[in-house]
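Here are my notes on this model, point by point. Please keep the structure open while you read.

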Amino acid sequence: MEALLAFALLLFLGTLLSEWTQRSVLSTAVLFLIAGFLVGPGVLDLVPVTSGHPVVSQFAELALFSVLFTDGMKVGFRDLIPAWRLPGRALLLGLPLTLVGTAVMAHSIVGLSWDQAFLLGAVLSPTDPVFAAAIVGRKEIPKRLRQLLNVESGLNDGLALPIVLVLLSNMGEQVPSYTLLLGEVVMGIGLGVAISWMGVRLLHHRLFQATEVYEPFGVFAIGLVVLALTSITHANEYLAAFAAGVTVATISPEQKEQFGQFGDRITELLKLAALLVFGSLISPAFLREIDWTGYVFAVFVLLLARPLALALALMRSRLHWRERLTAAWFGPKGFASVVYGLLILKMSVPAGEHLFHLVALVVIASILAHSSTDVLLARWFRAAEQKEGSS
């Protein structure tokens, strides 16, 4: 109950400060992360969880699934097809370049073996839709840039998972074959599209009619069915979530509208709870176990790996230099990396604890850095638009 009390008090405090945090560099996400650190076992010991506790991975997975589902509903197929070129560059060129750049840094700075370095690169290469939403939801940011970051963060989590599993397999772990991994990706997309399509058709059937109170529950139930069936069938739940959201938005704008605020609020609650739990894992002792090379690595990953990769991927695109710079910088790490880091621990990879420490450190640094710059970026674009409008 102490953990519930801590979350309730923080949620109330976050509500009181929400208007202020929306306009400042101290975001609600940072507030919950710092609070998690304070109430965790290393300080006040009000949330006594460890990295092996099931609640850690469950909260992270639920938050990630929920965000991908709701973010998918912000981009229908009609919007996705014409806007695919820029996200395609980020996914097909930017993601591999980020992976390789991170691996080179892990090998040269931290001294990991190449197998471990590439595994760490795969875990840290995807961006996180939970924190990318801070930019995607701001109207000051140009629409094509928001679409780029939304689609990229929505898909690269699921695309990175097969790479992580393949690298684990190469390190001698018992994981599915390559064919099975591809099947999980295809099945995840297929289930997401099929279930959401059938569910929306039933919601629109003349035999059924939902009351105003129950209208948002229909899409919510579709999301739960997708989550449950992908878990049962071992399909890729993250690609399924995004595909389901896109399908709902495409065939039923009404359902998208009805679910909008309801879904965003559920997602926000899960995100904050997951941040509190994740922050509680980070104790002073945890941070002391990472030597100085780990901290140098974290800084280099944030400042060089993603920015250089996206700068190359978006070279000669039609994006304004300001948009390219923002896309290169705003590549937040988050729950996907945490989930994959926990998978490394679960698989008992050599030096797995060390790898998880590095993953956690980069994610913490990313949350602090990226969640504190979304407001500044929005102001930058607003000021630039006003200046161009007055000239």
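1. V219 touches F69, M73, L203, V248, Q255 and F259, leaving out residues up to four places away in sequence. This is a predicted model. V219 sits in helix α10. Its relative accessible area is 0%, so V219 is buried. G263 is 44 residues from V219 in sequence, and the two C-alpha atoms are 8.9 Å apart in space.

2. Next, the nonpolar interior. In soluble globular proteins, nonpolar side chains tend to be buried together. Here the largest nonpolar core has 96 residues. L119, L120, F278, F297 and Y340 have the most contacts inside that core. A second, separate core has 16 residues, among them A90, I135, L148 and L314.

3. Which residues does F278 contact, leaving aside its neighbours within four places in sequence? They are L33, V338, A360, V363, I364 and I367. One of these partners, V338, is a buried residue of α16.

4. Helix α16 runs over residues 335-346. It has twelve residues and reaches 16 Å from its first C-alpha to its last. That is close to the 16 Å expected at 1.5 Å a residue. α16 is mostly covered, with ten of its twelve residues buried. The buried residues are F335, A336, S337, V338, V339, Y340, G341, L342, L343 and I344. Y340 is also listed among the residues with the most contacts inside the largest core. After α16 comes S348, with a positive phi near 55°.

5. Now the charged pairs. Side chains of opposite charge can pair when their charged atoms come close. The count for this model is four salt bridges. Three of them are described in the next points.

6. E152 forms a salt bridge with R306, and their closest N and O atoms are 2.5 Å apart. The pair links distant parts of the chain. E152 is in helix α8 and R306 is in helix α14, 154 residues apart. Are these two residues buried or exposed? E152 counts as buried because its relative accessibility is 3%. R306 also has 3% relative accessibility, so R306 counts as buried.

7. R144 forms a salt bridge with E323, with the closest N and O atoms 2.9 Å apart. R144 lies in helix α8 and E323 in helix α15, so the pair ties together parts that are 179 residues apart in sequence. R144 is partly exposed, with a relative accessible area of 38%. E323 counts as buried, at 4% relative accessibility.

8. E140 pairs with R382 in a salt bridge, the closest N and O atoms being 2.8 Å apart. This pair, too, links distant parts of the chain. E140 is in the loop between α7 (129-136) and α8 (143-170), while R382 is in helix α18, 242 residues apart. E140 counts as partly exposed at 24% relative accessibility. R382 is partly exposed as well, with a relative accessible area of 34%.

9. Two loop residues deserve a look at their backbone. H234 is not a glycine, yet it has a positive phi of about 65°. H234 is in the loop between α10 (215-233) and α11 (237-251). At 56% relative accessibility, H234 counts as exposed. R316 is not a glycine either, and its phi is positive at about 65°. R316 is placed in the loop between α14 (292-313) and α15 (321-329). Its relative accessibility is 80%, so R316 counts as exposed. R316 and A132 are 184 residues apart in sequence, and 24 Å apart in space from C-alpha to C-alpha.

10. Where does T373 lie? T373 is in the loop between α17 (352-370) and α18 (374-390). T373 counts as buried because its relative accessibility is 18%, and the cut-off for buried is under 20%. Leaving aside neighbours within four places in sequence, T373 is in contact with W329 and F330.

11. Last, a nonpolar patch on the surface. I34, L38, V43, L44, L46 and L368 make a patch of about 470 Å². L368 is found in helix α17. At 36% relative accessibility, L368 counts as partly exposed.

How values were computed: Residues are numbered from 1 along each chain as its sequence is written. This is a predicted model: local features need pLDDT of at least 70, side-chain atom pairs count only at pLDDT 80 or more; totals for chains, interfaces and linings use all residues. Side-chain values use heavy atoms; hydrogens and water are left out. Helices (H or I, at least four residues) and strands (E, at least two) are DSSP runs, numbered from the N terminus. Buried means under 20% relative accessible area, exposed over 50%, partly exposed in between (1.4 Å probe, protein chains only). Contact means heavy atoms within 4.5 Å. Patches are made of residues with over 30% relative accessible area and no salt bridge: like charges are joined within 9 Å, nonpolar side chains (Val, Leu, Ile, Met, Phe, Trp, Tyr) within 5 Å. Accessible areas come from the Shrake-Rupley method with a 1.4 Å probe; for residues, only the protein chains shown count as cover. A salt bridge is a side-chain nitrogen of Lys or Arg within 4 Å of a carboxyl oxygen of Asp or Glu. A nonpolar core is a set of buried Ala, Val, Leu, Ile, Met, Phe, Trp, Tyr and Cys residues joined through side-chain atoms within 4.5 Å. The expected span of a helix is 1.5 Å times one less than its number of residues.
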